[in-house]
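The following note sets out, point by point, what can be read from the coordinates of this model. It is meant to be followed with the sequence and the structure side by side.

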Amino acid sequence: TVNQIVEILPNVWQVRQDLAPVQVGTYTVAHLLVADQILLIDTGIPKREASILGLLTELGRSPRDVAAILNTHGHADHIGSNVVLA
């Protein structure tokens, strides 16, 4: 699987998680809005939290800096790592 992390605006990070082999060529996204505290929008695919945790580490931040998790909807590819990241 391929994960891609891109700063799409200043302090707004997109974490793309590849849906292969289930859906080749498609991905789901999580977003981090980074300020004094962090808002995480969607947590991505189950057992793929390492990409989000890795980004936090790269930014010199901790999971404890995440003030809230906002889920856009209840599909597994958007809420899959809620328990681990909460």
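**Notes on the sheet, the helix across it and selected side chains**

1. The model, which is predicted, contains an open sheet of 5 strands, arranged in the order β1-β2-β3-β4-β5 with mixed pairing. The edge positions are taken by β1 and β5, each of which has a single partner strand, so one side of each lacks a neighbour in the sheet. Direction ignored, neighbouring strands are turned against each other by 20° on average.

2. β1 (3–9) and β2 (12–18) run antiparallel and are joined by 6 bridges. Within this pair, Asn-3 stands opposite Gln-17, and Val-6 has Gln-14 as its bridge partner. The two strands form a hairpin with 2 residues between them, and Asn-11 in the turn has a positive phi of about 65°.

3. On its other pairing, β2 meets β3 (27–34) in the antiparallel sense, over 7 bridges. Asp-18 has Tyr-27 of β3 as its bridge partner. Of the 7 residues of β2, 6 are buried, so this strand is largely enclosed by the rest of the structure.

4. Gln-17 deserves separate mention. This residue belongs to strand β2 and counts as buried, since its relative accessibility is 1% and the cut-off for burial is under 20%. The Gln-17 side chain reaches the backbone nitrogen of Ile-45 at 2.7 Å. The bridge partner position described above, opposite Asn-3, belongs to this residue as well.

5. Helix α1 lies across β1, β2, β3, β4 and β5, and runs at about 150° to β2. Which residues of α1 (residues 50–58) are buried? They are Ser-51, Ile-52, Leu-55 and Leu-56. Viewed down the axis of α1, these buried residues fall within an arc of 140°, so they line one face of the helix. Their packing partners are β1, β2, β3, β4 (38–41), β5 and α3 (82–85).

6. The face of α1 that is turned away from the buried side carries Ala-50, Thr-57 and Glu-58, which are exposed. After the helix comes Gly-60, with a positive phi near 70°.

7. How many salt bridges does the structure hold? There is 1, in which the side chains of Arg-61 and Asp-65 meet at 3.0 Å, N to O. Asp-65 is partly exposed, at a relative accessible area of 25%.

8. Thr-72 is located in the loop between β5 (66–70) and α2 (76–79). Leaving aside residues up to four places away in sequence, Thr-72 touches Ile-41, Asp-42 and His-78. With one of these, Asp-42, the Thr-72 side chain forms a side-chain polar contact of 2.8 Å. A further polar contact, of 3.1 Å, links the side chains of Thr-72 and His-73. The C-alpha atoms of Thr-72 and Thr-43 are separated by 10.0 Å, the two residues being 29 apart along the chain.

9. To draw the points together: α1 lies across the five-stranded sheet, with its buried residues on one face and Ala-50, Thr-57 and Glu-58 exposed on the face turned away. Within the sheet, β2 is antiparallel both to β1 and to β3. In the loop after β5, Thr-72 makes side-chain polar contacts with Asp-42 and with His-73.

Conventions: Residues are numbered from 1 along each chain as its sequence is written. This is a predicted model: local features need pLDDT of at least 70, side-chain atom pairs count only at pLDDT 80 or more; totals for chains, interfaces and linings use all residues. Side-chain values use heavy atoms; hydrogens and water are left out. Helices (H or I, at least four residues) and strands (E, at least two) are DSSP runs, numbered from the N terminus. Contact means heavy atoms within 4.5 Å. A polar contact is a pair of N or O atoms within 3.5 Å; within protein, one must be able to donate a hydrogen and the other to accept it, and residues adjacent in sequence count only if both atoms are side-chain atoms. Buried means under 20% relative accessible area, exposed over 50%, partly exposed in between (1.4 Å probe, protein chains only). The arc is that of the directions from the helix axis to the C-beta atoms. Two strands pair if DSSP finds at least two bridges between them. Axes are lines fitted to C-alpha atoms, for helices over the stretch in contact, and angles run from 0 to 180 degrees between N-to-C directions. A salt bridge is a side-chain nitrogen of Lys or Arg within 4 Å of a carboxyl oxygen of Asp or Glu.
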